[in-house]
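Visitor: Hi, I'm new to this one. Could you walk me through a few spots?

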Amino acid sequence: MMIRVSLKAVVFAVMCSAGLSVSLATSRAADYTLHTVAEGLAFPWSLAFLPDGDILVTEREGRLRIIRGGDLLPDPVSGLPDILAAGQGGLMDIRLHPDFVQNKLVYLSYAHGDTGSNQLRVARAQYENGALSNLEVVFGSEPMKETPVHYGARLAFLPDGTLLITSGDDFIHRERAQVLDNHFGKLLRINADGTIPDDNPFLGTAGARPEIWSYGHRNQQGLLVDPVSGRVYLHEHGPMGGDELNLIDPGKNYGWPAATYGLDYSGARISPYQELPGMEMPVEYWVPSIAPGGMTLYDGDAFPAWQGDIFIAALANMTVRRLDMENGEVRDQETLFAEVQERFREVRTGPDGYLYLLTDSADGRVIQVRPGNS
């Protein structure tokens, strides 16, 4: 299925006259066409593009699916670990090792355990011909969680080959995001084999978890590394308001819950402070919440006007936000793809230069965003 979105008002008029309910979110930077690549996915969470053209898609329900030649294959990938599919937990992010062509390694984040005692895990395994083999757990969050929520679970590789992992605050342990003896509300950095890099910022701090790279986070479901500048961006869900996009500096404190723009779900104030000395301020924040999902920095050729911009999938807002970036700062912001009228879990830049969107539902879709003239 394809949807053409044009800047010409006549298109809107024709569609409305045909009795269609349409919300056109036209881009100031480019016209685009939306093409459904695959549908029938159970709450798809993330995707990875293989060198042979296949696409791997994680389903939160605990399956890893293959899209080949525009078709969703019926059989899921075999060899996955035991996965807790409950609440917000399940099979979540997927990343290819930077040397995937040589070593065939993929990294998966997922919930493990039961609803009363569980953790975020990251495992790596070799992928070939629809199967995982030699699976090895390289990280498990500690201590165990009592709720199946706020996992974070995003993965990204740094240029030096180390792996970043977002680990959420478990909702009921938000105060522990300010304490370094646990993995709640932290951005973590490990070597690709699960060992600890010897230059992590808290290695010499008594009682601190050696994996910690930054702290004071809530539920961080967006993470990217700018391949040109090396900047690391992380976004996190606020409570009722206060979603944040942060530019990460190792060893720094990002405030949650001591400083926040959000309120508790009861309407009560979490903190009287929106900023505090010694705590980093966000690059951007949203009140009310947009409930941010995945995030990508666009570096393709299909949309030249979008080069270097950050795209953030939004769940509650059912749009994708384009942030016009310059030197690490947001110059402007645009709302896109509202005409889809679905929750967006993920946005990625494909090797073909197109954007790929995942919709968050029991009948989720992979949607490809092409230029309007393609």
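Guide: Here is a short chat about a few residues and one sheet. This is a predicted model, where local features need pLDDT of at least 70, side-chain atom pairs count only at pLDDT 80 or more, and totals for chains, interfaces and linings use all residues. Residues are numbered from 1 along each chain as its sequence is written, and side-chain values use heavy atoms, with hydrogens and water left out.

Visitor: Okay, where does Lys186 sit?

Guide: Lys186 is in strand β13, residues 186–190. Strands (E, at least two residues) are DSSP runs, numbered from the N terminus.

Visitor: And what is the nearest side chain of opposite charge to Lys186?

Guide: That's Asp181, 6.3 Å away, and Lys186 is buried yet has no salt bridge. Buried means under 20% relative accessible area (1.4 Å probe, protein chains only). A salt bridge needs a side-chain nitrogen of Lys or Arg within 4 Å of a carboxyl oxygen of Asp or Glu. For charge, Lys and Arg count as positive, Asp and Glu as negative, while His and the chain ends are not counted.

Visitor: Which backbone oxygen does the side chain of Lys186 reach?

Guide: The one of Val179, at 2.8 Å.

Visitor: Switching to His183: buried or exposed?

Guide: His183 is buried, because its relative accessible area is 2%. You'll find His183 in the loop between β12 (163–167) and β13.

Visitor: Which residue shares a side-chain polar contact with His183?

Guide: Glu211, at 3.0 Å. A polar contact is a pair of N or O atoms within 3.5 Å; within protein, one must be able to donate a hydrogen and the other to accept it, and residues adjacent in sequence count only if both atoms are side-chain atoms.

Visitor: New topic: what's the strand order in the open sheet of 4 strands?

Guide: The order is β7-β8-β9-β10, with antiparallel pairing. Because β7 (91–96) and β10 (131–140) each have a single partner strand, one side of each is left without a neighbour in the sheet. Two strands pair if DSSP finds at least two bridges between them.

Visitor: How many bridges link β9 and β10?

Guide: There are 7, in the antiparallel sense, with β9 covering residues 117–128. Val122 stands opposite Phe139 in β10, and Glu128 has Ala131 in β10 as its bridge partner.

Visitor: Which residue takes a positive phi in that hairpin?

Guide: Asn129, near 50°, in a hairpin with 2 residues between the strands.

Definitions and conventions. Buried < 20%, exposed > 50% of the residue type's maximum accessible area, 1.4 Å probe, protein only.
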